Amino acid sequence: MTPRDGAPLYDAVVVGAGFGGMGAAIQLDRLGLRDFVILEREADLGGTWHVNRYPGLAVDIASVTYSYSFEPNPHWSRLFAPGAELKKYAEHIADKYALRDRMRFGTTVESAHWDAGQQHWVVAISGGESLTARYLLTATGFLSQPYTPPFPGIESFAGKIIHTTDWDADHDLTDRRVAIIGTGATSVQLVPEVAARARALTVFQRTPIWVVPKVDMAIPPAVQRLFARIPVSQKAARLVNTSLLEALMVVGVLHYRQARPLNKAAALLARAHLRTQVRDERVREQLTPHYDFGCKRPTFSNRYFTTFNKPHVRLETESIERIEPGGIVTADGTETQIDTLILATGFNLWDVNFPAFEIIGRDGVDLGKFWRENRFQAYEGITVPKFPNFLSLNSPYSYSGLSYFTTIEAQMKHMGRLFRELRRRGETTFEVSERANSEFLDRVTEKLGSSVFYGGDCATARSYYFNQHGEAALLRPTSTVSAHREAVRFPLDDYVYGPAGRP
Ligand code: NAP
């Protein structure tokens, strides 16, 4: 392929070969924009499900819902499938939809800029190569930049350090003295697994997490056969589960002010769960959150709390002062001797993500600076004024509902409506208007006023839902039904079509 007469090398460059990037690529194919490349920094596809390989990894949204609606998998082994099955599902999607050959692995995008003269994107990848494309789609994930806190002395630690996103399966934990720092959803899955192997385990907790019982089970082969033979049966199961999640999100989180008792009931359930599972009253108190349910993504487990009953497992709530060659010293001067340090310290969303690399739009506007100096914003969670022909799939206010697939599929619908309109007009360039973007931002800001984020007590949650300005700018505060409806009905004149930035 060579550029002809200033035409770009590709119809589109998609950045990210996870489920978001693959969904967008499937939609590009359906829209006839078949000449695209998917750039992926990792060595293989699957995004989160390629990177995360720690023991205990499983999906936390039931698998009938956590999958593309147009590509059900009747063979999930459990209600909540283990991580390896998600990775296999991602591979199946790449093969079935002929995406693999269009992926380039080990390819890190360093920057992208809009070339106003040529009306296309120039994408710079590490190693010095540049690609050009009519459209740029970023699907770089929300939780894709691992975070390691700058603990003083961490570089002097003499043992093994493992971040959960870089699991070393060759490091045998048998008989080790292990510390896990962090008590988010990853830690909740990992702690029971590490406790089962290690000689001693200390879990360093700064903020406790709400944990409710996990209703999980193996899916019997007879049910898998039923799902395979009569797909509508699995569709019905998906509908029931998705509706439950929707109710939880809409009523418990987004309409907190109107439905406070329901939110309180969820917290009561989590407290009761803790009471039945942990014998020691002091440990129970330490594991109890003092912020409202939903301020931070809650999680499910039947094994996390009980792990703290084991004699070789200890919960440490003193803050970490420094790390020494042989262990961790807390603020009270106590040193915990360890030989393996596991960092379940999550991801940096707001400083190094949004966007994941430098993106320069029309008139030299830098997306990262624009978001930080103004407010984080994106029309319908997908497009930004001054960024023509750019779809930012992991944007502020884009995450809709609890399963990421509801977001992906709403965005695929948005793409469908937008690109069909472009074709109808015989144009190749689009840009969202400033007016449509501001109206959307005003609307989500107002709606968030009813949510637990502003109506509830989130002061001590330290939740990644909030950005550096204290705004809960990650989740789209509407039902997923409304997000999908808007994706197929948004006013077409919210976009300007035709050469961008020209009078
Ligand atoms: P996380 O929720 O951000 O948790 C990070 C943990 O590290 C928190 O407990 C945090 O404490 C702690 N931490 C960070 N800096 C620290 C410091 N300087 N000192 C002490 N502790 C520190 O990350 P995660 O557990 O990886 O989960 C992220 C998200 O991934 C989840 O919310 C979920 O959406 C997703 N996830 C999904 C699954 C699944 O589908 N099965 C599994 C795992 C994760 P603070 O709270 O005090 O900051």
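**Exercises: salt bridges in a predicted model**

Glu 421 has a relative accessibility of 5% and counts as buried. The model used here is predicted.

**Exercise 1.** Determine which residue meets Glu 421 in a salt bridge, and whether that partner is buried or exposed.

Solution.
- Step 1. The side chain of Glu 421 meets that of Arg 424, with an N to O distance of 2.9 Å.
- Step 2. Both residues belong to helix α11 (residues 404-425) and are three residues apart, about one turn of the helix.
- Step 3. The cut-off for exposed is over 50% relative accessible area. Arg 424 has 61% relative accessibility, so Arg 424 counts as exposed.

**Exercise 2.** Find the parts of the chain that the salt bridge between Arg 362 and Glu 431 ties together, and classify both residues by accessibility.

Solution.
- Step 1. The N to O distance of this salt bridge is 2.8 Å.
- Step 2. Arg 362 sits in the loop between β17 (358-360) and α10 (367-373), while Glu 431 is in strand β19 (residues 430-432), so the pair ties together parts that are 69 residues apart in sequence.
- Step 3. Buried requires under 20% relative accessible area. Arg 362, at 16%, counts as buried, and Glu 431, at 9%, also counts as buried.

**Exercise 3.** Give the N and O separation in the salt bridge of Arg 322 with Glu 321, and classify both residues.

Solution.
- Step 1. The closest N and O atoms of Arg 322 and Glu 321 are 3.0 Å apart.
- Step 2. Arg 322 has a relative accessible area of 31% and is partly exposed.
- Step 3. Glu 321 has 40% relative accessibility and counts as partly exposed.

Terms used:
Residues are numbered from 1 along each chain as its sequence is written. This is a predicted model: local features need pLDDT of at least 70, side-chain atom pairs count only at pLDDT 80 or more; totals for chains, interfaces and linings use all residues. Side-chain values use heavy atoms; hydrogens and water are left out. A salt bridge is a side-chain nitrogen of Lys or Arg within 4 Å of a carboxyl oxygen of Asp or Glu. Buried means under 20% relative accessible area, exposed over 50%, partly exposed in between (1.4 Å probe, protein chains only). Helices (H or I, at least four residues) and strands (E, at least two) are DSSP runs, numbered from the N terminus.
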